[in-house]
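Notebook open, coffee poured. I want to look up the open and closed spaces in this structure, and then what packs around them.

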Amino acid sequence: MSRPVVALLGAATLCAGLGCGSAAADAVADFYRGKQIRVVVRTLPATDYDAYSRLIARFMGKYIPGNPSMIVVNMTGGGGIIAANYMAEVAPRDGTVIGIVSQGLAADQALGQSPQLKANLREFNWIANVVFSNQLLVTWHTSQTKSLEDAKRRVTTIGTTGAGSASVQYPLFYNSVLGTQFKIIFGYRSGAEIDLAMERGEVEGRGTNPYSSYMATHPTWIPEKKIIPLAQAGLEKEPNLPNVPLILDLPVRPDQKPMLEFMARSSTVGRPLATTPGVPADRVAALRRAFAEVVKDPEFIASAAKEKLVVRPQSADKIAEIIFGLLDSPADVRQKMKAALASKDLHKLERPAGKKQ
């Protein structure tokens, strides 16, 4: 497998759509001059959410009129719900707070799964999608579960984070629709903790994680078969994973096909970057132009490649279309999905007293 590089697919289209050459209004520069933008990260460090956020924070300020400084703030908990609620309800609505919203929250809101989710993703001002990549269900190489068929025959422990996260949604869905027997352990604070739990044998696999994230955080794991991808969720296969089943291709009843399509579309949400609701339109436009300039910056491209971070941007309009499409899914599909994601298979993480995380 070739070494991952920055894939700036569609960057020219993104830039053209945002009007990259237009000058920002003096009022925007006057507002941002001398200010600091906080970049909210829904996870602990050592995750791709954190790595992408820190990379963006290093470069984006110089392309925002007024050249504000940028600082990363980790705000963990609830599978990204705490960070999203902060952005929606607490953060200033002036363009001084941005963040990559948790991938699973669009499906979570569409299905009304988490009462604690107060944020309305329709109200966020989307800046761009940093990257979209298929979601992988994997087991550690020592697990006896090497395929979906194995997962249907034996109970397999799967590590996940919070209830609103994609890491919980996908294995619940596979249990309900595909007949797998995943025992879903929730309560890990981050994907990095789940990875460590797989390595030490605490769980056998991980509920879901993007292909691009594995290639950024553990670039040797897939090539060296340290993890075994059982399935990939997306609209088409990852080019480097031609033999891993795509969930859209799996045999299901006709009435279940729209559910597979819902989950496949959910996987394309990727790593959507947003600012808070209520931000003046000229500042939102300036933030979008700034991101479009960042992904063309040679130093940014080199830094992303060095950190093995794949950047595959989509415009604000495109990521909004994807998210709104999930939120506007037909009522019957949403009802079936809610039933499929019922939490009967969830088990709270428990460790012996004194065992370190």
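**Entry 1: the largest pocket.** I began with the lining, and it consists of 25 residues, with F132, L235, E236, R265 and T268 nearest the centre of the pocket. A note to myself before going on: this is a predicted model. The volume of this largest pocket comes out at about 490 Å³. I sorted the lining by class and got ten nonpolar, seven polar and eight charged residues. Two helices, α10 (257-267) and α13 (316-327), each give at least two residues to that lining.

**Entry 2: following α10.** Since α10 helps to line the pocket, I asked which of its residues are buried. They are M259, L260, F262, M263, A264, S266 and S267. Next I looked up what these buried residues pack against, and found the helices α5 (105-111), α7, α13 and α14 (331-340), together with the strands β5 (135-140) and β9 (227-233). I picked out F262 for a closer look: leaving aside residues up to four places away in sequence, F262 touches A107, A110, L111, L326, S329, V333 and M337.

**Entry 3: the cores.** F262 turned up again in the largest nonpolar core, which has 61 residues. Along with F124, W126, F173, Y174 and M337, F262 is among those that touch the most other members. Helix α7 (residues 166-178) supplies the largest share of this core, eight residues. Another core lies apart from it and holds 35 residues, including Y32, Y52, F300 and V310. A reminder for the margin: nonpolar side chains in soluble globular proteins tend to be buried together.

**Entry 4: closed space.** How many cavities of 30 Å³ or more does a search of the whole structure find? I got one, and the volume of the largest cavity is about 40 Å³. Its lining is made up of V40, G80, A83, A84, M87, G99, I100, V101 and S102. Both α4 (81-90) and β3 (97-100) give two or more residues to this lining, and the largest share, three residues, comes from α4. By class I counted six nonpolar, three polar and no charged residues around the cavity, whereas the lining of the pocket has eight charged ones.

**Entry 5: the whole chain.** I finished with the totals. The protein has 14 helices and twelve strands, and 58% of its 357 residues are buried. For contacts with a separation of 6 or more, I found that 80% join residues 24 or more positions apart. The exposed area is about 14,300 Å², of which carbon and sulfur atoms supply 53%.

Notes:
Residues numbered from 1 in each chain as written. Predicted model: local features only at pLDDT ≥ 70, side-chain atom pairs only at ≥ 80, totals over all residues. Heavy atoms only, no water. 1 Å grid on protein atoms, 1.4 Å probe; cavity = no way out; pocket = protein on both sides within 12 Å on 5 of 7 lines; lining within 4 Å. Points joined across faces, edges and corners; volume = space filled by probe spheres on them. Helix = DSSP H or I, 4+ residues; strand = E, 2+ residues; numbered from the N terminus. Nonpolar A, V, L, I, M, F, W, Y, C, P; charged D, E, K, R; others polar. Core = buried A, V, L, I, M, F, W, Y, C linked by side-chain atoms within 4.5 Å. Buried < 20%, exposed > 50% of the residue type's maximum accessible area, 1.4 Å probe, protein only. Contact = heavy atoms within 4.5 Å. Areas by Shrake-Rupley, 256 points an atom, 1.4 Å probe, with all protein chains shown as cover.
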